[in-house]
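Morning, everyone. I have one structure for you today. Please put it up on the screen.

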Amino acid sequence: MAQHRVVVVGGGLAGLAVTMKLAELGVSVDLLSLTPVKRSHSVCAQGGINSCNDQTRQLGDDEWKHLDDTVYGGDFLNHQPPVKEMAYWAPKVIELMDRLGVPFNRTGEGFIDRRRFGGTLYKRTAFAGATTGQQLLYALDEQVRRREVEGLVKKYEFWDFLKPIQDETGRCRGVVAQDMVSMEIRAFAADAVVVATGGNGLLFGKSTMSVFCTGSAASRCFQSGAKLGNAEFIQVHPTAIPGADKLRLMSESARGEGGRVWVPKKPHDSRAPREIPNDERYYFLEDRYPKYGNLVPRDIATREIFDICVNEGLSVESDRMSVYLDLTHIPKAELDRKLGGILEIYEKFQGVDPRFEPMKIFPAVHYSMGGLWADYVKAADGGLLPGAPKNQMTSIEGLYAIGECDYHYHGANRLGANSLLSCIFSGLFIGPSIVNYASNQNGGHAEVPSSVIDQSVTCEKQRHQSLLAGTGGDENPYLIHQELGDVMTRAATVVRRNDQLQEAIDHVSELHDRAMKVSLSDGGNWTNQNVLFAKAVQDMFPFAKSLLKGALLRDECRGAHYKPAFEKPSLTSEDPVERRRQAEQWCDEFEANNRRFLKSSIATWNAESNQPDITYEDVDTSLIPPRPRLYGLVGAEVIEEVWKERAAAKASGKELAASNS
Amino acid sequence: MIAPVPMKKNARTQFRVRVLRQDGPGKESYWELFDIDYEREMNVISVLQKIAAKAANSDGKKVAPVAWDCGCLEEVCGSCTMVINGRVRQSCSALVDQLLNDNPDEIVLEPMTKFPVIRDLMVDRQRLFRALQRVKAWVPVDSYYNMGPGERQPRDDQEQNYPLSQCMSCGCCLEACPQYNKIELTKEAGETDEQFEERKLAAYDTSFVGAHAISQVMLHNRNPTGKSLAGERLDALMGPGGVSTCGNAQNCVSVCPKEIPLTTSIARAGRATTVAAIKKWFEK
């Protein structure tokens, strides 16, 4: 058997996991990354990684419940076979990471300690201090370094992926990439290519993501013919620290420990917050949700904070949106003991001590649920078929997508501490799939026709040269990016309205045209960050357009996608009979809506119109039938009753049909 | 409070930044001044972003943006190390208000001096990562198959290991170290890329390994499986450029942004290598 060679683009958790697995299977890997892989965005994950475990099992938990929580949290937009496989692998993933030396927090007896995260009743989350992502990444980075010394892995750090190389049949035969130091553009031939390039937070200007999370790598695959799935689904975290350069996460635990969210009743009150008397403060979460107060779920907290600033005009500051997150009523010693680490982040980056001054926070784009469409092969047990070449393969043959840049696993909304799991799982799981794919091919990396390679390389060199030479326009890529971020943040984050989305589509199309006419301030050919950024900005647009169009066409509320015009109303009647009738109607409408929108949106790039075309794909919900999420709805108990009766009727109908056949 | 440090800075509309620039390896370095419009809550990253967007110096002359390296912007990735007002640190957590409080005239940005400059504030830290290879900073597991859980570990061990494991390879400890000297080689005529790479690595491998790598040895030698390579790691620290090179200046620990107890690791490594050397001598 000839030696296989695979190119992996991206060195976060997913990219490193697949790299080390492939190396173990004897495959040579060229690992390309914009940054030394140890610095990838995975380091920013704080909370932890989920799996059911010995302790939760004895409380009734199992892998199936992890699957259930994940698809319920995702509002049933997740294909269920990959999620099932992930949930069943989860305990094994954590055991492997433990063996690799991750310093997970320990119990007194020396077992891995667990904490509880949102969207579940069980303490499934293993964690390493407040830097779980960093610790997991370092363990994988070390294994890849070990494989590098052994000679099977070669790292290309500070290389920018430009596009997949495709032969005349459309099959992916390698990549074109650019050295960000010398600016050399060259081809990397391969039997298969894996993109593990993370999220696209920079579409929104500033987000909680690292500077390299532009989504441009996924967009370059998209423009080469790979499809996108669920591009409109992004997660917005309710509490982030606004900054001039980025929005830094402020953990939910600040509210968990008693933090109160408020704004002055008088808009932009110029007094210092502590001088504002209690009756002139509006504790809007406590007022609107007396039962849950400041601890409403993430999506609701996000929407309310957004609403109070955007629609009510009650932002703390006049020139920027923010609300107070106040811990000053809690004794300092208690804060230090329970929240020390996260308060230090605020203090370090804001220069203000949150023990004495309320923090100013605002929601921020945090995660991309959607991404490159990827395939899978379902096994008889409802999970995935191990080793099937199609697992995680995009619509371009031989091009795989894993981690945050794919669209599997998180549906319409991601649960906390599931992202690290999906990245490591998908990376480990597809190693054998890639080997099997490569073994079934006639021509490998050594037989890629030089004409195919030359054409791809020439095309990218031309793009580069023409940008350096000047497009004839005078647009500034940095300002274009800022403007894009403003438009996207206004129209497509927390609350979505069709008129605003349509306006944003027009605006973004115009910006796209302008982005093609950039003028660079650096025309040189050595470590030219200016031209690399200009290209990334240009490539943000196809993704941004798909996100906006997908959101425009999806006339419903599902998970993180919230359109008030299509929100299902609470039950209004007090009369039991009428209430029951309303609940029946509610369930009818819910089912009708699912028939229309319980589908993945699939975007295909149309180079002619310079716009995406959107179609829909059915979601495999064969394992756990979809059910309504009824949080905070008046009449929820009646709806639930009706729904359960219907589900039971359906189940017995199925049994009957099965026994008759 | 509307702005973090009100008094002086409310009046401020602009401030000056002085950057030590260099167009490429082997080129002369030069100072360039930039006037930056003041905004509240700026850090050095946002200053450099403004310079990139404006691309003009204080004379209004069009210049190429300053090249620099950054990533997470929240001090966990280790990318954005540079020398700011004479002190090595991460530029993301270097707040403009605090810098101007210390020195109202200007903010001075320089690349690290212990690594070859690629361009402007970007340096080549390959030697830093090479040191992690040199000391085999990994756990040599048999496989990545499912083999059940690892060993139970006492909470105390985790609490000692976790701080060491937070090292983000930023290089602050190396910049501050008097024993860590810059190695900048250039490709010779007739030398292939591979030959040049080999010569470079050989030079790195015999020079001081640095506090960060010594600390990683102590971390991995404590791991239940990792300790199977303890002898090899200590060997690496006993060779040229090993732990005995340390002059005990203790600068490393004072500049570490993660407050890793580097000097404790160095002291332990010193003892461990001594014990290993004596053992070897007896086994001869």
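Start with the two domains of chain B: their centres, taken over C-alpha atoms, are 30 Å apart. This is a predicted model, by the way. Where do domain 1 and domain 2 of chain B lie in the sequence? Domain 1 runs over 13-119. Domain 2 comes in two pieces, 125-144 and 152-283.

Now their contact. Domain 1 of chain B puts in 14 residues, and domain 2 of chain B puts in 17. Look at the domain 1 side. Strand 4 of chain B, residues 87-90, gives the largest share there, with 3 residues. By class, that side of domain 1 has 6 nonpolar, 5 polar and 3 charged residues.

Next, the contact between the chains. How many residues does each chain bring? Chain B brings 61, and chain A brings 62. On the chain B side, several elements give two or more residues, including helix 2 (44-54), helix 3 (96-102) and strand 6 (117-119). Helix 4 (126-134) and helix 5 (155-165) of chain B are also among them. That side of chain B divides into 30 nonpolar, 23 polar and 8 charged residues.

Over to chain A. Chain A has 17 helices and 21 strands. Its C-alpha trace spans about 75 × 70 × 55 Å along the principal axes. Does that go with a compact globule or against one? A compact globule of 661 residues would have a radius of gyration near 26 Å; chain A has 25 Å, so the two agree. Of those 661 residues, 56% are buried. One last number for chain A. Take contacts between residues at least 6 apart in sequence: 73% join residues at least 24 apart.

Methods. Residues numbered from 1 in each chain as written. Chains lettered and ligands numbered in written order. Predicted model: local features only at pLDDT ≥ 70, side-chain atom pairs only at ≥ 80, totals over all residues. Domains from an automatic or database assignment. Contact = placed C-beta atoms within 7 Å. Helix = DSSP H or I, 4+ residues; strand = E, 2+ residues; numbered from the N terminus. Nonpolar A, V, L, I, M, F, W, Y, C, P; charged D, E, K, R; others polar. Rg over C-alpha atoms; globule rule 2.2 N^0.38 Å. Buried ≥ 20, exposed ≤ 12 C-beta atoms within 10 Å, placed from the backbone.
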